[in-house]
Amino acid sequence: MPSLSAHIVIRATNRALEIPTGLFINNEFVPSADSPNDLIHLVNPATEQTICSVAAGSVKDIDIAVAAARKAFNTTWGKNVTGFERSKLLNKLADLMERDQDILAEVESLNNGKPFKIARDFDIGDSIQCLRYYAGWADKITGQTIEVDNKTKLAFTRHDPIGVCGQIIPWNYPINMWAWKVAPALACGCTIVMKPSELTPLTALMLSKLIVEAGFPPGVVNTIPSLGSVGGVALSMHMDVDKVAFTGSTVTGRKVMEAAAKSNLKKVSLELGGKSPQLVFESADLEQAANWACLGILYNTGQDCTAGSRLYVQDTIYDKFVSLLVSKAKELVIGDGFDEKSGGGPLVSKTQFDKVWQYIESGQAQGAKVALGGQKRPGKGFFVDPTVFTDIKANMDIVRDEIFGPVLAVGRFKTEEEAISLANDTSYGLGAGLHSNDANQCMRVSSALEAGTVWVNQYNLLNNNVPFGGKKQSGIGRELGSYALDEYTSVKAIHWNFGEKLDWPL
C-alpha cells in the first residue's frame with residue numbers, strides 16, 4: 001500500500017516537509033477504500049518534475065466521506081454547536097494558517113507555480129482574513145419575527161444550516177478558493193466534503209491537518225483528492241449531499257448543475273468562466289489605467305476567472321495608450337515562483353500551456369497583430385510571456401473565448417455607447433472594468449455593464465465583505481460578504497398559534 005505522506009524538500013528555502021497524501025476522512029488520513037493503488041501524480045509547473053503522488057479518491061470514498069459529514073452534522077456540528085463555538089474554531093484555524101503562512105506559501109508555489117511572495121502575502125493573507133470575517137458572522141445569523149395577528153398568532157423564521165456540502169475548487173487559487181468555500185459553510189454550521197483540483201491538492205491536505213489541530217470534530221471537514229470525472233461527478237450526483245458549490249469552467253458547471261437536478265435537486269452555487277472587458281476612456285489617468293489593465297490580465301499569469309482579457313480604448317488615445325500598455329507589460333517578470341524578481345509564474349500544467357498556445361496561434365492565424373509576445377520560450381517549465389494582440393475583430397477566438405493565460409486582445413471604440421455594446425457582447429458576465437475621470441460617465445457605464453462585479457478606476461481587487469459572483473453564463477449565487485451565508489442556509493418559517501380556536505366541522 002502506498003505511503004500516506006510524502007517527504008518534500010523546498011530547495012529554494014532548504015525546508016524539509018512531511019506532507020499528507022492520503023484521503024482526509026473523520027479527521028484521519030486514510031487510503032482509498034477500494035483503490036489504494038490509484039494515485040494522482042503532481043508536477044512542479046516550473047520544472048516539469050514530479051513533486052509527489054497523492055491518493056485518488058473513488059466513488060466509494062466519496063460515499064464514506066459524505067456519511068462522515070452527515071454523522072457530524074447530526075451529532076457534533078450543525079444545530080448541535082453554538083455560533084460562538086463555531087466562531088472560536090474558525091478563529092483558531094485562522095491563527096494556525098497565520099503561523100504556517102510561509103510553509104503554506106512555499107507548497108502553494110511549488111504545486112501551482114505562482115510566486116511565493118504573492119501566495120504568502122495575497123492568497124494566504126486574504127484567506128486568513130476570510131476565515132476571520134466569517135468567524136465574526138457565526139453567532140450573528142438571525143431570522144425575522146413577522147406580525148400576523150398580534151392577538152392570536154406569531155410567525156418567525158430560522159436560517160438553518162443547509163446540511164452536507166460538496167465543495168469543488170479549482171487549481172488557480174487553491175488556498176483562496178478553499179477559504180471562500182469553507183469559511184461561510186462552517187460559520188453557518190454545515191459540514192463539508194471538499195474535492196480540491198487534481199492538479200493542486202497539496203495545500204488542501206495541509207489545511208486538513210490544521211482542521212484537526214484547531215479542534216474541529218471528526219467529519220466536519222473531509223478532503224478527497226480525486227479526478228473531476230470521478231469525485232466531482234459523485235458529489236454532484238450524491239443523494240445525501242444537500243448543496244454543491246463549484247468554481248471552474250462554464251462547461252463543467254453545466255454538468256454539475258445537470259447532475260444536481262437529476263439526483264436530489266440539491267442547492268447549487270456556481271462561479272464560472274469569464275471574458276471580462278475593460279474600457280479606457282479619454283479622460284482616464286492613462287498611467288494608472290495601464291497599470292490596472294496589466295494587473296487585470298497578467299496577475300496570476302492570466303489564470304483568473306475575472307481576467308480583463310478584452311481591453312477597449314477610446315480612439316482619441318488609442319495609439320498612446322497601447323504604447324504605454326506594452327511598455328508596462330514588458331516590465332513584468334514571468335519566472336520561477338521562488339525567484340524574488342518574479343511577478344508571475346508558469347501556467348499550471350502542460351494541458352493549460354498547450355491550450356493557451358493554441359489561442360495565441362489562432363490569434364495570429366486569424367489576422368490579429370502581435371504587439372507583444374507570441375514567441376515560445378526554450379527550456380523546461382510551462383512559461384508563457386505576456387502577449388498583447390491589436391487589430392482584433394469581434395469573431396476572433398481570442399476575443400470570444402476564455403483563454404486563462406496572459407493573453408490580451410485590444411480593440412478601440414469611438415463613443416460611450418459603442419464601448420458599452422462591445423463590453424456586453426459576450427455570453428459571460430463575471431467582471432468588467434472602466435477607467436474614466438468623468439464621474440457621471442462612471443455612473444452611467446458601471447450601471448450599463450452586464451457583470452456581477454464592476455471595477456471603476458481599478459481592477460481585480462476583491463474584499464471579503466463584498467459579494468462576488470456572475471451574471472449570464474458566469475454563474476449562479478454569490479461568494480463573500482453576508483450574501484454567501486444565503487448559499488449555506490435554508491429558511492424555515494414557523495407559524496405559532498397562541499390564541500385562535502378552530503371550529504369544526506367547516
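What radius of gyration does the chain have, and what would a compact globule with 506 residues have? In this predicted model, the chain comes out at 24 Å, and a compact globule with 506 residues would sit near 23 Å, so the two agree. Put a box around the C-alpha atoms along the principal axes, and its sides are roughly 80 × 60 × 40 Å.

Inside that box, the chain has 15 helices and 22 strands. As for who touches whom, take the contacts between residues at least 6 apart in sequence: 74% of them join residues at least 24 apart. Buried residues account for 57% of the 506 residues.

Next comes the outside. The accessible surface of the chain adds up to about 20900 Å², and carbon and sulfur atoms own 52% of that surface. Charges can be tallied too: there are 49 positive and 55 negative side chains. The centres of these two sets lie 2 Å apart.

Now for a single residue, glutamine 441. Its place is in helix H14, which covers residues 439–448. Is glutamine 441 buried or exposed? Its relative accessibility is 10%, and buried means under 20%, so glutamine 441 counts as buried. Leaving aside residues up to four places away in sequence, glutamine 441 touches Phe281, Ser283, Glu416 and Ser436.

Notes:
Residues numbered from 1 in each chain as written. Predicted model: local features only at pLDDT ≥ 70, side-chain atom pairs only at ≥ 80, totals over all residues. Heavy atoms only, no water. Helix = DSSP H or I, 4+ residues; strand = E, 2+ residues; numbered from the N terminus. Rg over C-alpha atoms; globule rule 2.2 N^0.38 Å. Buried < 20%, exposed > 50% of the residue type's maximum accessible area, 1.4 Å probe, protein only. Contact = heavy atoms within 4.5 Å. Areas by Shrake-Rupley, 256 points an atom, 1.4 Å probe, with all protein chains shown as cover. Lys, Arg positive; Asp, Glu negative; His and termini not counted. Charge placed at Lys NZ, Arg CZ, Asp CG, Glu CD.
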